[in-house]
Amino acid sequence: MSRNFIYLGVVVLLAALAGYLFMTKPARRGLDVQGGLRLTLRAEIEKLSPEERKLWSPERMRTIIDILDRRIDSLGVIEPTIYQKGETEIVIELPGFTDERDALDLLQTTARLEFRYLKDVRTRKQPLGRYELIVEQVGGEDVVKFRDLTSADAKLIEPGMPEYQKIIQSSPLIVTGDDLERAEVVDQSFDPKVRLFFNSEGTEKFARATSLYLREHIAILLDNKIISAPEVQAANIRDPVIEGRFTLKQAARLRDLLNAGALPVSLSVESINRVEAILGAQAWDRIIQAGIIGFALVAVFMVFYYLLPGFLSALALGLYVLFALATFKAAGVTFSLPAIAGFILSIGMAIDANILIFERLKEELRLGKTLLAALDAAFKRAFPAIFDSNLSTIIICLILYYFGTGPVQGFATTLGIGVTMSFFTAIFCTRTMLYTLVGVGVHPSERLFGLRRQLGQEVGEQLGAAKDRFDFVNKRGLYYAISGAAILIGLVFWVGLGGLKPGIDFAGGSELVLQKRVPRASSPAPATPPANPQGNQATNPQGNQPAAAQPANPQGDQTANPQGNQPAAAQPANPQGNQPAAEPNRPTAAAQPNAGQNNPSPAELPKPPAQAQRPAAPAVPVSALPPIEANLAQVLGLLRGAGFEKVGALFAEGNRQLIVHVADANIDSQKKIVDALKPLGELEVVSFASVSPRVRAETVQRAITAVLVALVAILLYIALRFSIEGGWSGFKFGIAATIALAHDVLVMVGGAAILGYLLGWEINALFITALLTLVGFSINDTIVVYDRVRENLRQRARGETFATIVNRSLNQTLARSINTSLTLLLVLIALVIWGAVTQDLRFFYVAMLIGVVAGTYSSIFVASQIMVSWQDAREKLHQRQVEAARATAIPTKSGQPTSSATPTESATPPATASSAPRKKHHAPHVGKRKRRY
């Protein structure tokens, strides 16, 4: 017994270590908790030339991720996440950053820098040039155009026209960003510019070009778009400067883009999700509250039903929560809302192993064993079922992780780690505490261990005598009818009434969650970093922008170099040859000799304000928001009036939130949607999601594949583990379990169709997560029944039928099935009432409630009953074959009358040496014959 006290000391030490990690390690909150963006970008390899496509390799994707990682640094995001998904997709998570347009402008641009000589543009040095260069301001931006002077109507060539690209491609290339070593912001205190430093080869190329093309135009292109076309004013320029009336932030952004490097391929946006922090802040508190309530309900139930062992299981459950949370924090697991939901669900599932052990312990104690002997037998006999059920759940988690992304992967991670931790706490911690009872002299008694509490069996005056309460097997026809009716009703709502409504993950398009805008006391904005290295802050009359961020010359006159000793090498030229001023906030280019010796070093440059670190306004609880005074018909009418055809809407949180799904919208349609809904009042977007058609098709395919793979994996696993007779005999168990799982899936999908038809709820990726979680839970219950059937088959009495064994096994495991389901239902009810912080999570919880009921029903009334029906069918088939063999007429000798023979006589004619079949002589059987059932 001293060894058990040592183990108890180890448990205490592990608890202390876990407590230390839990208190010291910060929790990494997900985007849906603290707000932020999740983007999925795809490398458009199909747009590369055939030669470039041949050179493409997986290492190029690593290069793209490195470039994007360097660009993300400029956003000031704390703990961003970027990883590759599949062969061509990249997932980026930006916690705390909610400006998707700004993020896409930074990440999606290829930042391909080029300098080209516009050889066909007319200048004073080239008076016979074909094209005249024109700079016009369109939408607040300078647009470089060309006029064809050789055409009769002086045709204007604008960006996007084929002739425009021909002019660019026919212009000799001088130098590209491949030769760029670094870029720096200079003159940031007065007029920020970006100085470019090429390598030796690039420096010589540019210096030679400025000498050759003096007084001619050099175009500066970024992503194949001319941002400026200055006229070279000085020769032998070695370090050009891109100048314009930048704000410090704009100059720093351009510097960061160039320093990060150009992407080797363009990136398309496959999906984007945005959640405002005002939604996530209250979500965290509510779901944690639901978890605490769910834990308390499970602990109270265990103590109430199992008494002393239940009290120890409540302690073990507390250790499980502590160990799991410490592991999550130490491993850097992201606590997204689905991940937290997965962990809370694991609390209800973690008690499963304890219930198995306690039920076994009561059986052994009723046989009159000592507490030590009963504990040894209980753990030995419960271990196979615990191992099989936990491993099957981990298999489902691996499938979820492989086929899912983002929140689904977080759910799979927390659930998988939680199941592993629950296995450890049940086998080590609970076991240690139970054996400690032996060490302190606790004796088994009815009051302490609840030996007479048994749902499926009647315990007599003598504790060892128990008989089955229920006859499950002989009523299986009724159970099949109930299952068939439930599936049929679901199919009517699914196929007949179209109640299964696809959400954004399966339908594509854009989805917005809106609520009434209410005034919130926001925190004061952080001070803008000083634009002057010396700390002198110049402000404009409005007082909200540093002077460096404003146009340097409001009158549009030519701005001199601040040093006064270096002439501008190149300024934008207009057709008349005058020197127009650069327009505000538009990057023009000036090729300038080496100047700016007094400019600060890159380390001294102030960083752009980090948008991700701005303080969030205090959140207003959803329950305190005013309701949106409208109905669905009005909402759909406003959206269709704005030009959107495929639209859907759903009110949530008591009409306090409006969920709008527009299939033919994209990221640029947000403002149009909000404007269309203005008659409903001032609405603000608290969540936005957009999914491309390609991702939608992939999501559907992966969802179907995941469910099929899960069913096949469970089939193979059970067939392997329950091959009692060897060979393929285990497939009887596996096929019956798979049919029961298909039954559960159909019931859950039918329930979702009913909810969709009556309440308008839409299915999404979390619904598939619920389906696969149901598969894991249901197979756990089925495995426990199968494990008891397997055990009873090995100990069957002579003449005992398979149906009798199954019925006894169901009664013996009924308490475990009901109690495990009840603990999970308690957690789910707590989540539905207190933790349904989003409509998707509410649907997830309700779907799990339906699935738990269906899974428990199928484990008791379907899976094992199919085994009995299968065995009955085999026996009846065998009987028919025997009867058919006996009824087969044996040919008689020629001339013997047969027409008057009776059936009995025909079945047993006299055998002759020539007509009777020869009997096979079998060797005598040696050893124990295998039982067949």
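1. Let me start with the charged pairs: there are 33 salt bridges here, a salt bridge being a side-chain nitrogen of Lys or Arg within 4 Å of a carboxyl oxygen of Asp or Glu. Please keep in mind that this is a predicted model, in which local features need pLDDT of at least 70 and side-chain atom pairs count only at pLDDT 80 or more, while totals for chains, interfaces and linings use all residues. Residues are numbered from 1 along each chain as its sequence is written, and side-chain values use heavy atoms, with hydrogens and water left out.

2. The pair I would look at early on is aspartate 388 with arginine 790, whose closest N and O atoms are 3.7 Å apart. Aspartate 388 belongs to helix H11 (residues 371-403) and arginine 790 to helix H20 (residues 765-794), so this salt bridge ties together parts that are 402 residues apart in sequence. Helices (H or I, at least four residues) and strands (E, at least two) are DSSP runs, numbered from the N terminus. Aspartate 388 is buried at 0% relative accessibility, and arginine 790 is buried at 6%. For these labels, buried means under 20% relative accessible area, exposed over 50%, and partly exposed in between (1.4 Å probe, protein chains only).

3. Next comes a network: Arg112, Glu114, Arg116 and Asp178 are joined into one by salt bridges that share partners.

4. Aspartate 148 pairs with arginine 130, with 3.1 Å between the closest N and O atoms. This pair links distant parts of the chain, 18 residues apart: aspartate 148 sits in strand S7 (residues 141-148), and arginine 130 in the loop between strand S5 (113-117) and strand S6 (131-138). Aspartate 148 is buried at 8% relative accessibility, whereas arginine 130 is partly exposed at 40%.

5. Arginine 42 and glutamate 46 also meet through their side chains in a salt bridge (3.3 Å, N to O). Here arginine 42 is buried at 14% relative accessibility, and glutamate 46 is partly exposed at 42%.

6. Turning to the interior, the largest nonpolar core has 150 residues, and Ile287, Tyr320, Ile718, Phe767, Tyr786 and Phe844 touch the most other members. Helix H9 (residues 277-331) gives the most to this core, with 20 residues. A nonpolar core is a set of buried Ala, Val, Leu, Ile, Met, Phe, Trp, Tyr and Cys residues joined through side-chain atoms within 4.5 Å. A second, separate core has 52 residues, among them Leu106, Leu267, Leu658 and Leu677.

7. Phenylalanine 844 is worth a click. Beyond its neighbours within four places in sequence, phenylalanine 844 is in contact (heavy atoms within 4.5 Å) with Ala341, Leu345, Phe411, Leu766, Thr769 and Ala770.

8. On the outside, Leu488, Val492, Leu497, Tyr757, Leu758 and Leu759 make a nonpolar surface patch of about 580 Å². Helix H14 (476-496) and helix H19 (730-759) are the elements that give two or more residues to the patch, with the largest share, three residues, coming from H19. Leucine 759, in helix H19, is partly exposed with a relative accessible area of 45%. Patches are made of residues with over 30% relative accessible area and no salt bridge, with like charges joined within 9 Å and nonpolar side chains (Val, Leu, Ile, Met, Phe, Trp, Tyr) within 5 Å. Accessible areas come from the Shrake-Rupley method with a 1.4 Å probe; for residues, only the protein chains shown count as cover.

9. A last word on cysteines: the structure holds zero disulfides, a disulfide being a pair of cysteine sulfur atoms within 2.5 Å. Cysteine 397 is buried at 5% relative accessibility, and cysteine 429 is buried at 0%.
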